[in-house]
Amino acid sequence: MPKVDPVQPEDPTTTSAEGPRTPPRTTARLRVWLGEAPTRHSPPYSRYRWARLLTYFLLGWIALIIAVGGGAEVSESYRIAFPVALVTTALQAVALLLAGWRPVLAWALSLAAATVTALLARPHLAALPPDGPGPNWPWTTPTLIAHIAVFLLLALRVRPAGVVAAATVTTAVTWVLQALMGAGRYSGTGTLAVALCAVMAVTGGALRSRQQARSELVQQTTITVEERARRTLLEERSRIARELHDVVAHHMSVISIQAQVAPHLVENPSPELLENLSGIRANALEALTELRRVLGVLRSEHPENSEDPYGLGAPGAGAAPDAPQPTLDRLGALIENTRAAGLDVTAEVTGGIRPYAPGVELSAYRIVQEALSNALRHAPGSRVRVEVGHLPDGLRLRVDNSPPRHPVPPSPGAGHGLLGMRERVAMLGGRLVAGGTEGGGFSVTAFLPGDVPDPPDQRPTGEQTP
């Protein structure tokens with residue numbers, strides 16, 4: 001097959017036979033200034049089909065009335081031929097329909113059509129009979145209605161500087177027609193037209209600013225919620241990492257001490273044995289040092305602060321960094337503290353109590369602690385039942401709470417407590433089920449295996465997975 005060169009993406013800023021191209025960023029800024037960038041006030045106006053169809057129907061009906069009815073009024077008031085008057089009012093109707101997509105172009109077309117209508121009517125005003133009130137000039141009723149409608153759509157889409165410029169040009173054209181050029185007998189509508197355009201400019205600008213403020217508020221709220229959720233998740237993972245460090249550090253310390261003591265338990269140890277034991281001790285101490293260094297970073301909000309390496313702040317502001325990690329023996333104290341906080345907690349232990357790996361006991365304590373915290377936060381005054389079952393193959397935990405006795409205020413939490421539970425259970429190869437109950441309460445059930453399996457990527461060579 002013949003080799004085909006891959007198509008390279010075209011640089012929008014490069015020049016070609018047609019001349020230099022406008023960079024995309026410049027085009028986007030130009031569209032924003034012209035009011036052509038998509039916004040909430042641009043077509044299709046609504047996400048509902050019936051609302052869009054209704055909006056298009058009303059705009060089309062208003063445009064038809066301005067074109068036909070306005071043409072008849074202009075022809076009758078100014079004694080202009082109906083086809084000519086119909087053309088000028090039809091341009092106003094087209095400008096109204098175009099304003100949803102091209103507001104600046106629609107405003108220019110509307111102003112031009114109104115100016116042409118006033119100039120065409122000016123010679124006929126001098127020939128009108130002197131008795132009776134004169135017709136409206138330079139703005140007739142249909143042209144004025146069309147122009148202020150276009151101006152409102154312009155103010156909704158264009159930045160304030162552009163709206164002010166459009167209002168200034170409209171005022172200047174009106175002033176030139178009515179004050180400088182003048183006409184025969186007429187009723188001046190220039191002041192009314194300028195006033196209505198100013199009202200539309202203020203109304204459209206206020207609605208546009210309100211929508212922008214709401215959009216920025218929603219965006220800021222979304223960012224705040226995401227940052228809070230991310231911070232909560234990182235804090236939970238950091239706490240798990242610190243607890244893992246404390247568990248692993250204990251075993252590494254034991255390995256180091258055993259490697260140091262082992263040569264004294266053997267009579268005349270060989271040099272190879274002494275060298276291997278020395279290497280084991282050195283590796284254990286090095287790993288322990290690295291673990292402690294990582295722990296110092298995790299526990300410190302500002303690691304560069306040497307006076308407060310753990311970031312605890314004032315005394316009593318938090319738990320001691322080197323305090324022993326809790327185990328199942330401290331569940332009784334945890335339940336008593338929860339009762340003192342206002343919950344009716346009952347506890348039940350089934351099966352024969354036996355020791356577990358430190359990671360299993362620590363995770364079990366944290367799961368019960370988080371479940372009780374959720375009950376305090378989301379179901380104050382409820383009844384809570386804690387079950388701890390010692391099974392032959394592991395540990396079973398169940399925490400049920402009844403519905404709250406009174407309305408619960410919104411919780412400031414980010415809702416990552418259950419995620420932390422699932423991460424702990426998944427780390428140990430267990431299972432967790434959490435959800436609402438039929439009576440309106442909540443239940444958390446977890447199973448932690450007694451023998452924690454090794455991760456698949458860390459199994460010794462040749463070991464078979466059951």
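**Packed helices and an open sheet**

Mentor: Start with H5 and helix H6 (residues 160–181), which pack at an angle of about 160°, their axes 10 Å apart. Keep in mind that this is a predicted model.

Trainee: Why are H5 and H6 called roughly antiparallel?

Mentor: Set the angle against the cut-off. Angles over 145 degrees count as roughly antiparallel. H5 and H6 pack at about 160°. They are therefore roughly antiparallel to each other.

Trainee: Which residues of H5 and H6 make the contact?

Mentor: H5 supplies His147, Phe151, Leu154 and Ala155. H6 supplies Val163, Ala166, Ala167 and Thr170. By class, six are nonpolar, two are polar and none is charged.

Trainee: Which hand does the crossing of H5 and H6 have, left or right?

Mentor: H5 passes H6 in a right-handed crossing.

Trainee: What makes H4 roughly antiparallel to H5?

Mentor: Again, the angle. Helix H4 (residues 103–125) and helix H5 (residues 141–157) have axes that cross at roughly 155° and come within 9 Å. The cut-off for roughly antiparallel is over 145 degrees, so H4 is roughly antiparallel to H5. This crossing of H4 and H5 is left-handed. From H4, the contact takes Pro103, Val104, Ala106, Trp107, Ser110 and Leu111. From H5 come Ala146, His147, Val150, Phe151, Leu153, Leu154 and Arg157.

Trainee: How many residues of the contact of H4 with H5 are nonpolar?

Mentor: Ten are nonpolar, with two polar and one charged. Arg157 of H5 is in that contact, and Arg counts as charged.

Trainee: What about H3 and H4: how do you know that H3 is roughly antiparallel to H4?

Mentor: Helix H3 (residues 82–98) and H4 pack at about 160°, with axes 8 Å apart. That angle makes H3 roughly antiparallel to H4. H3 passes H4 in a left-handed crossing. On the H3 side, contact residues include Val84, Leu91 and Leu98. On the H4 side, they include Pro103, Leu109 and Leu120. The whole contact divides into 13 nonpolar, four polar and no charged residues.

Trainee: Which residues does UniProt list for "transmembrane region"?

Mentor: The unreviewed UniProt entry lists 53–72, 78–98, 105–125, 137–156, 163–181 and 187–207. Compare two spans with the model. Residues 53–72 are 100% helix and 0% strand, and their end C-alpha atoms are 28 Å apart. Residues 187–207 are 86% helix and 10% strand, with end C-alpha atoms 33 Å apart.

Trainee: What is notable about the backbone at proline 138 and at arginine 79?

Mentor: Two things. The peptide bond from tryptophan 137 to proline 138 is cis, with omega near 5°. Proline 138 sits in the loop between strand E3 (136–137) and H5. Arginine 79 has a phi near 60°, which is positive in a residue other than glycine. Arginine 79 is placed in the loop between helix H2 (49–78) and H3.

Trainee: On to the sheet. Why do E5 and E8 stand at the edges?

Mentor: Read the order of the open, five-stranded sheet: E5-E6-E7-E9-E8. Strand E5 (344–350) and E8 each have a single partner strand, so one side of each lacks a neighbour in the sheet. Pairing in the sheet is mixed, and the twist averages 10° from one strand to the next.

Trainee: How do you know that E8 and E9 pair, and how many bridges join them?

Mentor: Two strands pair if there are at least two bridges between them. Strand E8 (residues 431–436) and strand E9 (residues 442–449) are joined by six, and they run antiparallel. Alanine 434 is opposite valine 444 in E9. The E8–E9 hairpin has five residues between its strands, and glycine 440 there takes a positive phi near 95°.

Trainee: How many bridges join E7 to E9?

Mentor: Eight, between strand E7 (residues 394–401) and E9, also running antiparallel. There, leucine 395 is opposite leucine 448 in E9.

Trainee: Which strands do helices H9 and H11 lie across?

Mentor: Helix H9 (residues 331–340) lies across E5 and strand E6 (383–391), at about 160° to E5. Helix H11 (residues 417–428) lies across E8 and E9, at about 20° to E9.

Terms used: Residues numbered from 1 in each chain as written. Predicted model: local features only at pLDDT ≥ 70, side-chain atom pairs only at ≥ 80, totals over all residues. Heavy atoms only, no water. Helix = DSSP H or I, 4+ residues; strand = E, 2+ residues; numbered from the N terminus. Axes fitted to C-alpha atoms, helices over the stretch in contact; angles between N-to-C directions. Parallel < 35°, antiparallel > 145°, perpendicular 65-115°, else oblique. Left-handed = near helix turned anticlockwise from the far one by under 90°. Contact = heavy atoms within 4.5 Å. UniProt positions renumbered as here; feature names shortened; annotations may be inferred.
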